[in-house]
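Thank you for making time this morning. I would like to walk you through a structure that is new to most of us, and I will go slowly, one region after another.

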Amino acid sequence: MKLHLAVILFMTSAAFAADDINLETCTYKDGTPFSAKACASLKRRAEQQAKESAIAAEQQEQRLKAKQDWLRKNEEEERAKKLIEEKRNTEWLARHKESNAAALQAQNEQKEWEEKTAKAVEKRSAELRSVCGDDYKNLQIGMTMNRAQQCVAPFKLVGQLNRADGVVSTYRSGSVYAHVMNGRVVSWSK
């Protein structure tokens, strides 16, 4: 009974050490034998545990391989993403440089045009000042309309009025009105 109880307790334990029993001779470490039925049961259990351990090891190996494959795939995807991102950045930088160069060139051309225009206006103003003298941008009564057109501003005829002493023509330039009789300014207003 003592022997069977020990075998039953031993069989119900989750794990047993291989050093405690010898399954080939069906004896304990100290040489005490136990029943053939218990020995067969322990052999089956040991084989089952060996199979389970082999299966667990194989599953662990498969999980490890799957994890390595997954990591390798993710690394490849990350490398591909990085290469794509680097290519995009390079293309964007090239486009940005081109657009900056084009914008800079357009800005320089605009500046040159403005400088040429300013020089032309300044040159024209200097010529008018030398030709017109004190009459430059200064409308006066008695000035001929041709001189006013040349020295003050370009006037446009906006109306005429018949009077007993002659025809009064009204010219306008901006907010300035010039009233002209016989080709001379007789009055003006803003």
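Let me begin with a single side chain, E75, which is partly exposed, because its relative accessible area of 45% falls between the limits of 20% and 50%. I should say at once that what you are looking at is a predicted model, so please hear everything that follows in that light. The side chain of E75 meets that of R79 in a salt bridge, with 3.9 Å from N to O, and the two residues both lie in helix α2, 4 residues apart, which is about one turn of the helix. As a general point, side chains of opposite charge can pair when their charged atoms come close. The count of salt bridges in this model comes to 5, and I will describe two others.

In one of them, R147 pairs with D135, and the closest N and O atoms are 2.8 Å apart. This pair links distant parts of the chain, since R147 sits in helix α3 while D135 sits in the loop between α2 and α3, 12 residues apart. Are these two partners buried or exposed, or something in between? R147 counts as partly exposed, at 26% relative accessibility, whereas D135 is buried, with a relative accessible area of 16%. The other salt bridge I want to mention joins D165 to R163, where the closest N and O atoms are 3.0 Å apart, and R163 is partly exposed, with a relative accessible area of 44%.

Now to the cysteines. A disulfide is, in general, a covalent bond between the sulfur atoms of two cysteines. The structure holds 2 disulfides, and if we count the bonded cysteines along the chain, they follow the pattern 1-2, 3-4.

C26 and C39 form one of these disulfides, with their sulfur atoms 1.9 Å apart, and the link is left-handed, with -75° about the S-S bond. It connects distant parts of the chain, for C26 lies in the loop between β1 (21-22) and β2 (27-28), and C39 lies in helix α2, which spans residues 36-132, the two cysteines being 13 residues apart. C26 counts as buried at 14% relative accessibility, and C39 is buried as well, with a relative accessible area of 1%.

C132 and C151 are also joined by a disulfide, with 1.9 Å from S to S. The torsion about their S-S bond is about -85°, so this disulfide is left-handed. Here too the pair links distant parts of the chain, C132 being in helix α2 and C151 in helix α3, 19 residues apart. C132 counts as buried at 5% relative accessibility, and C151 is buried, with a relative accessible area of 1%.

Just past helix α3 (145-151) we come to V152, which is found in the loop that leads from α3 to β3 (156-163). V152 is buried, because its relative accessible area of 13% is under the 20% limit. Which residues does V152 touch, once we leave aside its neighbours within four places in sequence? V152 is in contact with D135, K137, N138, L139, M143 and R147, and two of those names, D135 and R147, are the salt-bridge partners I described a moment ago. The C-alpha atoms of V152 and K137 are separated by 4.1 Å, although the two residues are 15 residues apart along the chain.

V152 also belongs to the largest nonpolar core, which is made up of 12 residues, among them L139, M143, F155, Y171 and V185. The elements that give two or more residues to this core are α3 and β5 (176-181), and β5 provides the largest share, 3 residues. Apart from this core lies another, of 8 residues, including I21, A38, C39 and L42, and C39 you will remember from its disulfide with C26.

Finally, β5 takes us to the sheet. An open sheet is formed by 4 strands in the order β3-β4-β5-β6, and the pairing is antiparallel. The edge strands are β3 and β6 (184-189), each of which pairs on one side only, and the twist averages 25° from one strand to the next. Within the sheet, β5 and β6 pair in the antiparallel sense over 5 bridges, and Y177 stands opposite S189 in β6.

How values were computed
Residues are numbered from 1 along each chain as its sequence is written. This is a predicted model: local features need pLDDT of at least 70, side-chain atom pairs count only at pLDDT 80 or more; totals for chains, interfaces and linings use all residues. Side-chain values use heavy atoms; hydrogens and water are left out. Buried means under 20% relative accessible area, exposed over 50%, partly exposed in between (1.4 Å probe, protein chains only). Contact means heavy atoms within 4.5 Å. A nonpolar core is a set of buried Ala, Val, Leu, Ile, Met, Phe, Trp, Tyr and Cys residues joined through side-chain atoms within 4.5 Å. A disulfide is a pair of cysteine sulfur atoms within 2.5 Å. A salt bridge is a side-chain nitrogen of Lys or Arg within 4 Å of a carboxyl oxygen of Asp or Glu. Two strands pair if DSSP finds at least two bridges between them. Axes are lines fitted to C-alpha atoms, for helices over the stretch in contact, and angles run from 0 to 180 degrees between N-to-C directions.
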